[in-house]
Amino acid sequence: MIIAVDGPAASGKGTIARALASHYRLPYLDTGLLYRAVAANVARHDLDPAIEADAVAACDFDEALLDDPALRDDETGKRASIVSAHPLVRAALFHRQRRFANQPGGAVLDGRDIGTVIAPEADAKLFVKATPTIRARRRHSELRERGSNVSMDKVLADIRARDLRDSMRSSAPLVAANDAALLDTSFLSIEAALKRAIELVERQVKLKAERARG
Ligand code: CDP
Ligand code: CDP
């Protein structure tokens with residue numbers, strides 16, 4: 001079973017995807033981390049994220065980088081959304097994600113284009129959303145907990161800028177797949193969001209099985 005979970009920053013997609021992976025005992029891939037690793041590698045080598053050739057050169061990153069907590073910084077998230085707009089960067093990361101999705105037994109992946117590009121054949125697709133203000137509040141408290149003194153206004157402005165960049169790019173923009181179930185977590189606790197996510201996945205899997213039977 002392949003489960004695709006997409007959505008904007010701090011919508012709760014990672015929390016939901018991880019919980020679904022543990023519920024269904026499936027391996028999980030946070031695809032945002034791959035773009036964040038490219039972004040961190042760009043910074044490490046003093047390259048320019050806006051230049052496609054620079055960003056492509058940074059795609060060959062050291063695997064250990066994926067465990068670096070600095071990847072979670074907002075600055076890295078912002079840089080990740082700049083490198084991820086380059087078609088050649090997306091192409092460089094495509095096969096790794098496809099292989100992960102298609103491993104025997106299935107997988108859960110979260111990102112921006114899992115249901116549309118990486119695994120359009122997924123058995124279940126969720127598009128997780130929440131209002132920008134609520135997402136900014138969530139991200140702000142996460143950053144505060146990690147010792148940052150960034151202001152709420154700055155976090156909200158960064159979230160809006162990243163939403164815009166991710167939605168407006170021509171290559172694999174952030175958009176819900178036609179067959180994705182929408183899950184608005186704005187006013188849901190994590191527990192309520194997970195319960196709803198499992199219901200939506202069960203419904204999609206059941207429908208797919210019924211269709212396959214004709
Ligand atoms: O956790 P958060 O939603 O803040 O960010 P992320 O999922 O780690 O993704 C960081 C950036 O990578 C996003 O803003 C996207 O520009 C890019 N990304 C993408 O283009 N495609 C994906 N499948 C995942 C992330
Ligand atoms: O992966 P993404 O960036 O979409 O979001 P996340 O890392 O799953 O969630 C961002 C923050 O919002 C985390 O601190 C979650 O605990 C929190 N959250 C929440 O408060 N309520 C929800 N329904 C889902 C997530």
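Two residues are in contact if their C-beta atoms, placed from the backbone, lie within 7 Å. By that criterion, residues 24 or more positions apart account for 74% of the contacts in the protein chain with a separation of 6 or more. The model described here is predicted. Its protein chain contains nine helices and five strands, and two ligands are considered below, ligand 1 with 16 residues around it and ligand 2 with 14.

**Overall architecture**

- In sequence order, the secondary structure of the protein chain reads β-α-β-α-α-α-α-β-α-β-α-α-β-α.
- The C-alpha trace of the protein chain extends over about 55 × 35 × 30 Å along its principal axes.
- The radius of gyration of the protein chain is 17 Å, in agreement with the value near 17 Å that a compact globule of 214 residues would have.
- Buried residues make up 38% of the 214 residues of the protein chain.
- An unreviewed UniProt entry places the feature "domain: Cytidylate kinase" at residues 3-202.
- The span 3-202 is 52% helix and 11% strand, and its end C-alpha atoms are 11 Å apart.

**Nonpolar cores**

- In soluble globular proteins, nonpolar side chains tend to be buried together.
- The largest nonpolar core of this model holds 26 residues, of which Ile3, Val5, Leu109 and Leu126 touch the most other members.
- At least two residues of this core come from each of strand 1 (2-6), helix 1, strand 3 (107-111), helix 6 (114-118), strand 4 (124-129) and helix 9.
- Another core, of 17 residues, lies apart from the largest one and includes Ala37, Val38, Ala58 and Val83.
- Beyond its neighbours within four places in sequence, Leu109 makes contact with Ala4, Leu29, Thr31, Gln97, Phe100, Ala101, Ile114, Ile118 and Ala119.

**Surroundings of ligand 1**

- Among the residues around ligand 1, Ala9, Gly32, Ser81, Ser84 and Gly111 come nearest.
- Helix 2, helix 4 and helix 8 are the elements that contribute two or more residues to the shell around ligand 1.
- The shell around ligand 1 comprises four nonpolar, seven polar and five charged residues.

**Surroundings of ligand 2**

- The closest residues to ligand 2 are Gly12, Lys13, Gly14, Thr15 and Arg138.
- Two or more residues of the shell around ligand 2 are given by each of helix 1 (13-24), helix 7 (132-145) and helix 9 (190-213).
- Helix 1 makes the greatest contribution to the shell around ligand 2, with three residues.
- By class, the shell around ligand 2 has five nonpolar, six polar and three charged residues.

**Helix 4**

- Helix 4 (residues 74-83) is largely enclosed by the rest of the structure, because seven of its 10 residues are buried.
- The buried residues of helix 4 are Thr76, Gly77, Arg79, Ala80, Ser81, Ile82 and Val83.
- Helix 2 (32-44), helix 3 (52-57), helix 5 (87-101) and helix 8 (152-168) are included in what covers these buried residues of helix 4.
- Two of the buried residues also appear elsewhere in this briefing: Ser81 is one of the residues nearest to ligand 1, and Val83 is among the members of the 17-residue core.

**Loop residues of note**

- Ala10, in the loop between strand 1 and helix 1, has a positive phi near 60 degrees although it is a residue other than glycine.
- Ala10 counts as buried because it has 25 C-beta neighbours inside 10 Å, the threshold being 20 or more.
- Arg25, in the loop between helix 1 and strand 2 (28-30), is likewise not a glycine and has a positive phi of about 50 degrees.
- Arg25 is exposed, since 8 other C-beta atoms lie within 10 Å and the limit for that class is 12 or fewer.
- Leu174 lies in the loop between helix 8 and strand 5 (181-184), and its 23 C-beta neighbours inside 10 Å make it buried.
- Setting aside neighbours within four places in sequence, Leu174 is in contact with Pro8, Arg112, Asp166 and Ser167.
- The C-alpha atoms of Leu174 and Asp163 are 8.1 Å apart, with the two residues separated by 11 residues along the chain.

Terms used: Residues numbered from 1 in each chain as written. Chains lettered and ligands numbered in written order. Predicted model: local features only at pLDDT ≥ 70, side-chain atom pairs only at ≥ 80, totals over all residues. Near = placed C-beta within 6 Å. Helix = DSSP H or I, 4+ residues; strand = E, 2+ residues; numbered from the N terminus. Nonpolar A, V, L, I, M, F, W, Y, C, P; charged D, E, K, R; others polar. UniProt positions renumbered as here; feature names shortened; annotations may be inferred. Core = buried A, V, L, I, M, F, W, Y, C linked by C-beta atoms within 7 Å. Rg over C-alpha atoms; globule rule 2.2 N^0.38 Å.
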